[in-house]
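Reader: Please show me the model first, and then let us go through it by question and answer.

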Amino acid sequence: MNAMAKIPDIEAAPTALELCDLHKSFGPTPIIRGVSLGIARGERHAMIGPNGAGKSTLFNLISGRFAPTAGSIRLNGEQVSGFPPYQLNRRGLARSFQVTNIFPRLSVFENIRCSVLWSLGYRYSFWHRVDSLRDANAQAERTLEQIRMTARRDVPAGVLTYAEQRALEIGITIAGNANVILLDEPTAGMSRREAANAVELIRAVSQGRTLVIVEHDMGVVFDLADRISVLVYGEIIATDTPEKIRGNKAVQAAYLDSAHA
Amino acid sequence: MKSVAAAPEMTSAEPTPSWMTRSRTWVGAAAILLVLPHIPGLNADFGRSLLSQMGIAAVFALSFNLLLGQTGLLSFGHAVYFGLGGYATVHLMRAINHGLPVPVPLAPLAGAATGLLFGVLFGSVTTRRAGTIFALITLGIGELVYATTFMLPSYFGGEEGITASRTRGPALLGFDLGPQLQVYYVVALWAIIAAALMYAFTRTPVGRMCNAVRDNPERVEFVGYNTQRVRFVAFSAAGLFAGLAGGLHAINYEIVAADSVSALRSGTVLLMTYIGGVGRFIGPVIGAAVLTWLQASLSGYTSAWLFYLGLFFMAIIVFAPAGLAGLILMHRPIIRMPAFWRVLRAYAIAFAPALVMTIGAIVIIEMSYRLSTQPELGTRMRLFWTDIDAATPWPWLAAVVMIVSGFVVFRKTWPIVAQAWQQATTEASVAAGAR
Ligand SMILES: Nc1ncnc2c1ncn2[C@@H]1O[C@H](COP(=O)(O)OP(=O)(O)OP(=O)(O)O)[C@@H](O)[C@H]1O
Ligand SMILES: [Mg+2]
């Protein structure tokens with residue numbers, strides 16, 4: 001509840017996310033080389049590009065895992081570059097990881113519940129009994145259903161199958177009802193069927209929220225996204241609607257052809 | 001620290017037991033604490049004093065496990081909060097001796113407050129970091145505080161420490177703390193309150209986030225929590241309960257000296273917690289009881305007892321990383337199975353050669369210890385009801401034969417144990433499937 005109060009007048013902010021001339025270097029090596037991008041509230045935005053283009057690094061900058069070398073990031077109109085991840089999460093941004101990043105010895109349910117506590121305002125409380133928190137437990141159960149993991153509720157997350165861990169990864173990200181969601185290759189490693197379920201889930205939960213998704217499956221990308229950005233070697237070479245991206249010569253040359261070859 | 005985190009049994013995946021089960025557990029524990037000092041063997045001052053020490057150690061070890069098992073923080077200086085709590089309590093007791101109208105059984109609250117105060121103070125520094133850096137800073141603070149006890153003799157009393165009387169003060173409900181039995185009951189009451197509070201802490205939002213920080217501090221930051229703040233809360237709580245344990249120590253011994261904040265005590269609580277098992281709430285209690293008992297009993301029999309303690313610790317680390325609690329609770333799924341009896345029989349079979357092996361090892365250790373550390377006592381000694389002479393080769397030879405033959409036979413019993421286990425777990429999984 002408290003976190004909500006901090007979000008500066010969302011209605012007034014036209015863009016959920018605004019990146020301005022963002023740069024990131026690791027040592028002398030530039031990885032992100034001047035990215036500027038505005039993503040509207042409620043937009044589903046896909047980020048594509050060849051391996052090593054810097055997609056995950058861009059997510060790491062937006063979510064506060066790394067501080068940018070130069071440039072600025074605005075979240076719902078607020079200047080947030082250099083903020084630690086928890087500050088960004090409290091302002092309504094959540095992300096998933098390409099390499100599964102869960103709480104291995106907590107049960108599936110605890111994994112999800114830990115992800116809703118702050119957003120419901122429980123903060124560092126040592127005066128609430130966590131099992132008596134109706135709202136937190138209900139929200140965690142609801143998320144479990146959404147990711148179809150109710151049957152695995154009490155299993156330690158570390159012993160789940162890979163695909164189940166990927167589903168849990170998404171669950172942790174969406175559980176807290178963030179209004180900006182970043183998903184980094186959410187369906188990688190899933191079977192066709194599981195991936196289809198995941199895409200339906202992503203479509204459903206991103207309703208009315210802002211979604212940025214990195215995805216290699218072009219079927220999913222063109223189906224899901226309102227707009228697509230193509231990142232190549234640390235630069236966005238095109239941002240447009242799916243149809244226009246498909247027809248874009250530079251994109252075909254740089255990415256789509258090689259990806260289909 | 002990675003290896004600590006990897007202890008296999010340590011999960012929080014079990015669903016919370018029902019309200020009924022939980023209250024039954026606590027009432028049962030209270031009942032046991034109530035009758036314990038009247039059981040033959042424990043119903044004299046020595047036994048009751050031992051039980052009091054166990055209770056104090058249990059609170060201290062539980063507080064330590066709020067850091068190690070719950071939050072994944074390995075501290076080498078946890079005795080600081082124990083000792084400073086002890087000093088505060090003993091000073092309060094002195095004031096009570098001089099007429100302050102506070103009942104002595106409440107004095108450990110001063111220890112708890114002091115433990116919390118210093119937990120907050122030092123925690124704000126140490127918990128900025130985790131892992132190795134955290135461990136090293138706690139070590140440094142431990143040394144700092146230990147040195148301070150000698151620099152401020154007016155408060156800490158130097159080598160001799162500070163003494164006070166627990167009996168000169170207003171009685172509370174007829175408790176004047178004269179007999180050891182009364183001391184025990186005060187310790188037991190505080191111990192069960194502290195244990196219940198610490199258990200409750202693990203079930204609060206911040207307690208759950210401690211587990212999350214232990215498992216994956218990075219991800220915690222992406223669900224809204226500042227990991228440093230979570231660690232800080234855990235550290236402060238651990239300081240509070242360690243201070244309470246120190247306060248009980250002050251009442252039990254009526255003296256608090258520099259050893260109470262020493263690295264040795266910090267090391268002992270680490271051993272207790274690890275031997276008992278960091279992954280279970282009950283683990284540190286078991287470790288505290290077993291180690292306190294070993295210290296009290298072994299030290300009477302042999303001057304090599306620290307050596308045995310070290311061996312015991314190493315055996316636990318290597319063969320039972322989940323500690324004694326893990327070892328015991330491992331049997332929970334099969335305890336109702338028919339083949340459980342086969343498991344017990346297999347244990348009994350394996351026990352015999354293991355015992356032979358152990359006796360052989362003890363004979364060698366004792367003889368070596370005598371020759372190297374106490375040559376003035378001569379080479380003749382009495383071990384296991386037998387007179388032996390360490391100057392002759394025979395006892396050495398016999399011991400080696402016992403170790404080797406014991407080990408060979410012991411190896412042969414392993415398949416028996418494994419088979420019995422196999423059968424019991426199969427039965428258990430069939431039973432679980434039928435449900
Ligand atoms: N922490 C880091 N330190 C140094 N180099 C890094 C770091 N993180 C990423 N890189 C480098 O940055 C480049 C971009 O990596 P990134 O993971 O962002 O690519 P990506 O577009 O997500 O690729 P993929 O499709 O394979 O996931 C790579 O060359 C990688 O080696
Ligand atoms: Mg990537």
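**Chain B, ligand 1 and the salt bridges**

Author: Buried residues, meaning those under 20% relative accessible area (exposed is over 50%, partly exposed in between, with a 1.4 Å probe and protein chains only), make up 48% of the 435 residues in chain B. This is a predicted model, in which local features need pLDDT of at least 70 and side-chain atom pairs count only at pLDDT 80 or more, while totals for chains, interfaces and linings use all residues. Residues are numbered from 1 along each chain as its sequence is written, chains are lettered from A and ligands numbered from 1 in the order in which they are written, and side-chain values use heavy atoms, with hydrogens and water left out.

Reader: What radius of gyration does chain B have, against that of a compact globule with 435 residues?
Author: The radius is taken over C-alpha atoms, and the globule rule is 2.2 Å times the number of residues to the power 0.38. The C-alpha trace of chain B spans about 65 × 65 × 45 Å along its principal axes. Because a compact globule with 435 residues would have a radius of gyration near 22 Å, the value for chain B agrees with the rule, at 24 Å.

Reader: Is B:Thr227 buried or exposed?
Author: B:Thr227 lies in helix H11 (residues 227–253) of chain B, where helices (H or I, at least four residues) and strands (E, at least two) are DSSP runs numbered from the N terminus. Its side chain is joined to that of B:Glu221 by a polar contact of 3.0 Å, a polar contact being a pair of N or O atoms within 3.5 Å, of which, within protein, one must be able to donate a hydrogen and the other to accept it, and residues adjacent in sequence count only if both atoms are side-chain atoms. Because the relative accessibility of B:Thr227 is 7%, this residue counts as buried.

Reader: Which side chain has an N or O atom 2.5 Å from an oxygen atom of ligand 1?
Author: A polar backbone atom of A:Gly54 is 2.9 Å from an oxygen atom of ligand 1. For the side chain of A:Ser56, an N or O atom is 2.8 Å from a ligand 1 oxygen. The value of 2.5 Å belongs to the side chain of A:Thr57.

Reader: Which helix gives the largest share of the shell around ligand 1?
Author: A residue is near a molecule if one of its heavy atoms lies within 4 Å of it, and of the 13 residues around ligand 1, those that come nearest include A:Lys55, A:Ser56 and A:Thr57. The largest share of the shell is three residues, and it comes from residues 55–62 of chain A, helix H2.

Reader: Is A:Arg113, which forms a salt bridge with A:Asp131, buried or exposed?
Author: A salt bridge is a side-chain nitrogen of Lys or Arg within 4 Å of a carboxyl oxygen of Asp or Glu, and here the closest N and O atoms are 3.1 Å apart. The pair links distant parts of the chain, 18 residues apart, with A:Asp131 in the loop between helix H4 (108–116) and helix H5 (134–146) of chain A, and A:Arg113 in helix H4. A:Asp131 is partly exposed, at a relative accessible area of 26%. Because its own relative accessible area is 1%, A:Arg113 is buried.
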